[in-house]
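Visitor: Could you take me through one part of this structure in detail? I would like a close look at the aromatic rings and the helices that carry them.

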Amino acid sequence: MTLEQNAARLADAATYADPDELNEIFTGLRRSGRIVLAEPKGMRSFWAVTKAADVRFVETNPGKFIAEPWPAMLMKDQEQKNTELFGSISGPSTTLVSMDGEIHHKHRLIAQAWFMPHNVRKLIPEVDAIARTYIEKMAAMNGECDFAQDIAFWYPLRVVNSILGLPESVDADFLRLTQLSFGAADPNIEASIESRLERFAQSHREFMSIFHPVIEDRRANPTDDLASAYSNATIDGEPLGVAETLGLFLVTATAGHDTTSATLAGGLKALLEHPEQFSKLRENLDLLPSAVEEFLRWVAPVKHFARTATEDVQIGDQTIAKGERVVVFFASACRDEEVFDDPFEFRIDRDPNKHLAFGTGPHLCLGMHLARLEIKSFFEQLLPRLKSVELAGEATYLQANLVSGLTSLPVKYEFHAG
């Protein structure tokens, strides 16, 4: 295939179900040294940005490249559906992902304090306790489970919902709706809903039906949880509108756990496929912080963001014209040969490890410190308990081009007695 044809394949959600194929496409595009124009069927054309330096350039120049009106790769029929549902082709335009400039900064500040390192450290006892709960569930499963579906999906979700102040009874609905939203293009997700567009619309409708009464309750009866902070937030002295408040809930409830779930499951799979690295980690848990960074680089759960040029911009040898779209591929940047020695080697002690799994610039992941804590806490408590663990079946991946990871990771294991 030509470079242009391969770049167009990056728009197809099915491409992301095969990480080896995906990495082959990214490697070819990086080695070309070009910003390649992709013209996918049914989607607006875009320039594929795959090298880490170029990704950094786009993301750290928010005056030249903006999220609105196209923060992610969208099929034209999805743009039309979004316009019908939300009045914007970008979808729920009141989420942080699709905001720019000062309005983005002001909305980000509402949540930022909760996720800064000094406040995240206060959550260590609670996160540790939740991690132990799911490790005990794993221990009770008679030595076999689907680690993705039974453990990894649920643990980060409970952490986020606990911070929000939401009961465990909502977790199952949140998980289903998150998968329905991010995996709308995957026919294996809620197969009873045939249309990709209807899957996405249904997830939004149901999320809103959950969040509306929470907002009303926290406005009438505020507490000290994140849901109250969101529900009673102000900007420039004015209360946040309902749509903007819903946007904060939506991005926290979806991206706030799904990315960590993907990294948790993908991290364990990487360890199992690299037994020498697994042994090194088990023998020295002090390597966990660097191992977590390698999990993040290896999995890169957020695959891309999309931006629109506000002026003519030069990236390398390519001029991006005003109004044209670029897509920055974080998953490719995390394998860039110009940044990483042997990027296709999984090394838990990789140093330096300047990955872009959390992005960079104004849209740097708000929850990155919490995500690191969750992953570290889980493995810190799991590894000493494990006597043995191995893959017990085929691992499968979600068909999704924005946020994706494992949908199944069957494992067999034995815990130490006592």
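Guide: Happily; here is a walk through the rings, then the helix crossings, then a few backbone details.

This is a predicted model, in which local features need pLDDT of at least 70 and side-chain atom pairs count only at pLDDT 80 or more, while totals for chains, interfaces and linings use all residues. Residues are numbered from 1 along each chain as its sequence is written, and side-chain values use heavy atoms, with hydrogens and water left out.

Let us begin with the rings. A pair of aromatic rings is described by the distance of the centres and the angle of the planes. Rings of Phe, Tyr and Trp (its six-membered ring) pair if their centres lie within 6.5 Å; planes under 30 degrees apart count as stacked, over 60 as edge-to-face and the rest as tilted. The count by this rule is 18 aromatic pairs. In one of them, Phe57 and Phe65 have ring centres 6.3 Å apart and planes at 75 degrees, so this pair is edge-to-face. Phe65 is buried (under 20% relative accessible area, with exposed over 50% and partly exposed in between, for a 1.4 Å probe and protein chains only), at 2% relative accessibility. Phe57, at 28%, is partly exposed.

Phe207 and Phe211 give a stacked pair, 5.5 Å centre to centre with 10 degrees between the planes. Both belong to helix α11 (residues 196–220), and because they are four residues apart there, about one helical turn separates them. Helices here are DSSP runs (H or I, at least four residues), as are strands (E, at least two), numbered from the N terminus. Phe207 is buried at 1% relative accessibility, and Phe211 is buried at 0%.

Those two phenylalanines also take part in a helix contact. The axes of α11 and helix α13 (residues 242–273) come within 10 Å and cross at roughly 115 degrees, which makes α11 roughly perpendicular to α13. Axes are lines fitted to C-alpha atoms, for helices over the stretch in contact, with angles from 0 to 180 degrees between N-to-C directions; under 35 degrees counts as roughly parallel, over 145 as roughly antiparallel, 65 to 115 as roughly perpendicular and the rest as oblique. Among the α11 residues in contact (heavy atoms within 4.5 Å) are Phe207, Met208 and Phe211, and α13 contributes residues including Leu246, Phe249 and Leu250.

A second crossing leads us back to aromatic rings. The axes of helix α7 (residues 124–139) and helix α17 (residues 368–382) come within 9 Å and cross at roughly 45 degrees, so these helices are oblique to each other. Tyr134 of α7 and Phe378 of α17 are among the residues that meet there. Tyr134 and Phe378 also belong to one aromatic cluster with Phe147, Tyr155, Phe295, Trp298, Phe346 and Phe379.

Within that cluster, Trp298 has the charged end of Arg335 over its ring, 4.3 Å from the centre. A charge sits over a ring if NZ of Lys or CZ of Arg is within 6 Å of the ring centre and within 35 degrees of the ring normal. Arg282 likewise lies over the face of Phe278, at 5.4 Å from the ring centre.

Finally, some backbone details around these helices. In the loop between α7 and β4 (144–146), Asn142 has phi near 60 degrees, a positive value in a residue other than glycine. Asn142 is exposed, with a relative accessible area of 77%. Pro352 lies in the loop between α16 (330–333) and α17, and the peptide bond from Asp351 to Pro352 is cis, with omega near 5 degrees.
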